[in-house]
Amino acid sequence: MASTVIPANRAPAPTPKLNYLNNGHTLKSWLLTTDHKRIAVLYLISVTAFFFLGGFFAMLIRLELLTPQGDLMQADTYNKVFTMHGIIMVFFFLIPVVPAVLGNFLVPLMIGAKDLAFPRINLLSWYLYIIGGILISHVMLTGGVDTGWTFYTPFSTEYTNTKIVEAGLAVFIAGFSSIFTGLNFIVTIHRMRAPGLTWDRLPLFIWSNYATSLVMVLGTPVVAITIVLVAVERLFHLGIFDPRLGGDPLLFQHLFWFYSHPAVYIMILPSMGVVSELIACFARKRVFGYKFVALSSVAIAVFGFLVWAHHMFVAGISLYAAMIFSFLSFSVGVPSAVKVFNWTATLYKGSISYATPMLYAFGFIGLFTMGGLTGLMLATIGIDVHVTDTYFVVAHFHYVMVGGVLMGYLGGMHFWWPKITGRMYPEAWAKLSALLVFVGFNLTFFPQFILGYVGMPRRYWQYPPEFQALNVLSTAGASILAAGYLLPMIYFVWSLRYGKIAGANPWHAAGLEWKTTSPPPTFNFDETPVVTWEAYNYDEIPPWERRAPVAR
Amino acid sequence: MHDSQSTTGPATTMEHEAHNPALRHHFADAQQQKNAASLGMWLFLVTEIMFFGGMFCAYLVYRLAHFNAFAAGSQQLNIWMGATNTAVLIVSSVTVVLAVKAAEAGKRKVLVGYLVVTVLLGMTFLVIKGFEYREKFEKHHVPGPTFNFTDKFDDNGKQIPVNPKEAELFFSLYFAMTGMHALHMIIGCGLFTVLAVLAWKGHYNPGYFTPIENAGLYWHLVDIIWIYLFPLLYLISRHS
Ligand SMILES: [Cu+2]
């Protein structure tokens, strides 16, 4: 308070003010924190660790597939490697990544609240995530699982002798972490908004996290009980999914996909919210069709619950059921397309600048569109029968989950990094990494569309020699992609010490989170903001601040 | 300054809101905190419904697929123990409501009394359930290597042979569903025990008794799940 005179060279001290980062330095002050921003940082570190662990398994897969024969590993090891890749990436990276890191940090800030509604439950959900993570790491080190991340019965209940129960427990516990995050967000968004922040003034990131949370709360318990049933069937020899005892393996698939299809929307919706924020800021415009974009998130969440059996077209469901699920799967394309068209319409006559976050947003739109359109192909029963369990499917969901989710996440990380740390990242390096990610991604996964279409099945450690050329391309792309992911790791850490001081609002962006200091104080705002404006009021920002500065 | 806490009525608590020790810093006022907590609890109950929903779904699917075996299995359940337990749970729901009323009125001892009675009723349920499980063991109706089912479905004097494997599936679901329900009962009993201790120490007053209310909601949900389990497992095959 006394030091109102700001020294001319404010170099070494990162931030003179007391903020959430320097408010307590002990390990205990981090591990027992209830501050949503610190919990977001804890998630950031742990989620990143699991991303690189899952990425390590991905590299093993790509290395093995470099040649047609099994040289790095044989079938048993390969099965475990792709299973661990799937479980870690789905349950310990893609599902928590955007909500638990960016959502945790931003939801209270964006709605002008001091914290989430239940800060201690928020901390609990991080610990659940960690316990689940330790369990799955233990499984990994002591033999692994070989069922694929889908745990299909009766293989998982009867035949495999790998650690299904323990892996299931890990997923179950991580699931409750996700349930609690969703519950916390819903209550926070309903009950903690700043005065004047009505539903039609909410940032679209909030809308998309709200929709995500609905899916988390409604879907996750179903996969939890399904895993419990698999575990008790294995442990006590019950016959719930065992056809010899009158059970039905298809029921497992129904229950599993009832969650696991909507889980795709748990992953992609928050990233869509990020992209809405980025497009508005770097086109300096209100998002075109705000209400449609907001409600399309909710529509995706609702429709997403009605399409699960498109994973089962060849599993033995009736043709009639398949046709209905095919039709419903097409209908999810409508709200998804609403988003893509509205983003493009926002760009029209916008004052666009090409900072790194915007590059990622463009990447997202392109890759998500590819993933979405091939999703429509897969929803068509005839094509699906042809390409089921081939690399076409693998390429499709990687376009959505890696091309979509990760692009959104990285764009968001670059955009809010100055808010989270108070420092700018190095723009030139960031642009290079965005380029590497985009090129590497397409080189990795586009060949897989072709491979799948011409008949290469997924989940095999060897393949006929005629598939090799495309597989080599894919592995080469994966190496570029890996470089693209490692680079931000390095320069983000570098920027913590050497990055330019960001200031409260380096992008001249419109959200409430930019109206407090960077990094924010522990209780976010010195006084509770009162909102009297619509979201993305870029036309009301003074002219000299209209164009987003391109950071250097 | 907090001496009068247990005797303050609703009017005075509003004045003392700033000093309310139960109000957490990130809420604007006690009302916002209460609304948040109860919305959170309702959402949690939704997740519980989805959780049990998976098993109800499995039960309905298999009941349609193996009707005879499920009817025969159902006839082997002890309807009197089930009915007694239903009554016990309904009474416990009443005592929970009375506990909430007592908390609202600031009657500490009455509150503790009803909480204790609720826990005792919950334990009664669990003990009866335990006897039921023992009966299943004795009759070899527990799924697994020792499972043995020779009974015939006896409806209107007709003997319909039953595939014992399908009957085993019925008992698998019976144990999975009632077991998961019993686990929730145990958690509920633990919860109310803690609340009774805290209530005895005077943690709750008419201005703040949200935990009692929310635990009550949880208990009602667990009761309602039983209210569905009882007819589905014990009753609906007993026509005629
Ligand atoms: Cu799907």
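These numbered notes walk through a predicted model with two protein chains and a copper ion.

1. **The copper site.** A good place to begin is the metal. Three histidines of chain A coordinate the copper ion: His261(A) through its ND1 atom, and His310(A) and His311(A) through their NE2 atoms. The distances run from 1.8 to 2.0 Å. If you look for these donor residues in the sequence, you will find them spaced H-x48-H-H.

2. **Two of the copper ligands.** Are His310(A) and His311(A) buried or exposed? His310(A) has a relative accessibility of 16%, and it counts as buried because the cut-off for that word is under 20%. His311(A), at 31%, is partly exposed, since that label covers values between 20% and 50%.

3. **Where the two chains meet.** Now turn to the contact between the chains. Chain A brings 39 residues to it, and chain B brings 32 residues. Together the two chains bury about 2,900 Å², and 76% of that area lies on carbon and sulfur atoms. Three residues deserve a look in the viewer: Arg191(A), Ile225(A) and Leu245(A) supply 19% of the area that chain A buries against chain B, more than any other three residues.

4. **Polar links across the contact.** How many salt bridges are there between chain A and chain B? The count is zero. Polar contacts do occur between the chains: eight residue pairs are linked in this way, with both residues of each pair at pLDDT 80 or more.

5. **Chain A's side of the contact.** Several helices of chain A take part. Helix H4 (119-141), helix H6 (164-191), helix H7 (204-236) and helix H8 (249-283) each supply at least two residues of the side that touches chain B. The largest share, nine residues, comes from H7(A). Sorted by class, this side of chain A has 28 nonpolar, five polar and six charged residues.

6. **A buried asparagine.** Asn122(A) sits in helix H4 of chain A. With a relative accessibility of 1%, Asn122(A) counts as buried, because the limit is under 20%. Beyond its neighbours within four places in sequence, Asn122(A) is in contact with His36(A), Ile39(A), Asn104(A), Leu116(A) and Asn184(A). With one of these, Asn104(A), the link is also a polar contact between side chains, at 2.8 Å. Asn122(A) also shows how folding relates parts of a chain: Leu183(A) is 61 residues away from Asn122(A) in sequence, and their C-alpha atoms are 9.7 Å apart in space.

7. **Two cis peptide bonds.** Most peptide bonds are trans. Which residues of chain A are joined by a cis peptide bond? One such bond joins Thr153(A) and Pro154(A), with omega about 0 degrees. Pro154(A) is in the loop between H4 and helix H5 (155-159) of chain A. Another joins Ser518(A) and Pro519(A), where omega is about -10 degrees. Pro519(A) is found in the segment after helix H15 (468-498) of chain A.

8. **Two positive phi angles.** Most residues other than glycine have a negative phi. Arg284(A) is not a glycine, yet its phi is positive, about 55 degrees. Arg284(A) lies in the loop between H8 and helix H9 (290-304) of chain A, and it is buried, with a relative accessible area of 8%. Asn524(A) has a positive phi as well, near 75 degrees. Asn524(A) belongs to the segment after H15 of chain A and is buried, with a relative accessible area of 0%.

9. **Chain B in outline.** Chain B has seven helices and two strands. Reading from the N terminus, the order of its elements is α-α-α-α-α-β-β-α-α. Of the 240 residues in chain B, 51% are buried. Among contacts in chain B between residues at least 6 apart in sequence, 79% join residues at least 24 apart.

10. **One residue of chain B.** To finish, try finding Arg63(B) in helix H2 (residues 30-65) of chain B. Its relative accessible area is 13%, so Arg63(B) falls under the 20% limit and is buried. Leaving aside neighbours within four places in sequence, Arg63(B) is in contact with Phe70(B), Ile236(B) and Ser237(B).

How values were computed:
Residues are numbered from 1 along each chain as its sequence is written. Chains are lettered from A and ligands numbered from 1 in the order in which they are written. This is a predicted model: local features need pLDDT of at least 70, side-chain atom pairs count only at pLDDT 80 or more; totals for chains, interfaces and linings use all residues. Side-chain values use heavy atoms; hydrogens and water are left out. Donors are N, O and S atoms within 2.8 Å of the metal (3.2 Å for Na, K and Ca); water is not among the atoms, so sites may look incomplete. Buried means under 20% relative accessible area, exposed over 50%, partly exposed in between (1.4 Å probe, protein chains only). Contact means heavy atoms within 4.5 Å. Buried area is the accessible area (1.4 Å probe) that two parts lose on being put together, summed over both. A salt bridge is a side-chain nitrogen of Lys or Arg within 4 Å of a carboxyl oxygen of Asp or Glu. A polar contact is a pair of N or O atoms within 3.5 Å; within protein, one must be able to donate a hydrogen and the other to accept it, and residues adjacent in sequence count only if both atoms are side-chain atoms. Helices (H or I, at least four residues) and strands (E, at least two) are DSSP runs, numbered from the N terminus. Ala, Val, Leu, Ile, Met, Phe, Trp, Tyr, Cys and Pro count as nonpolar, Asp, Glu, Lys and Arg as charged, and the others, Gly among them, as polar.
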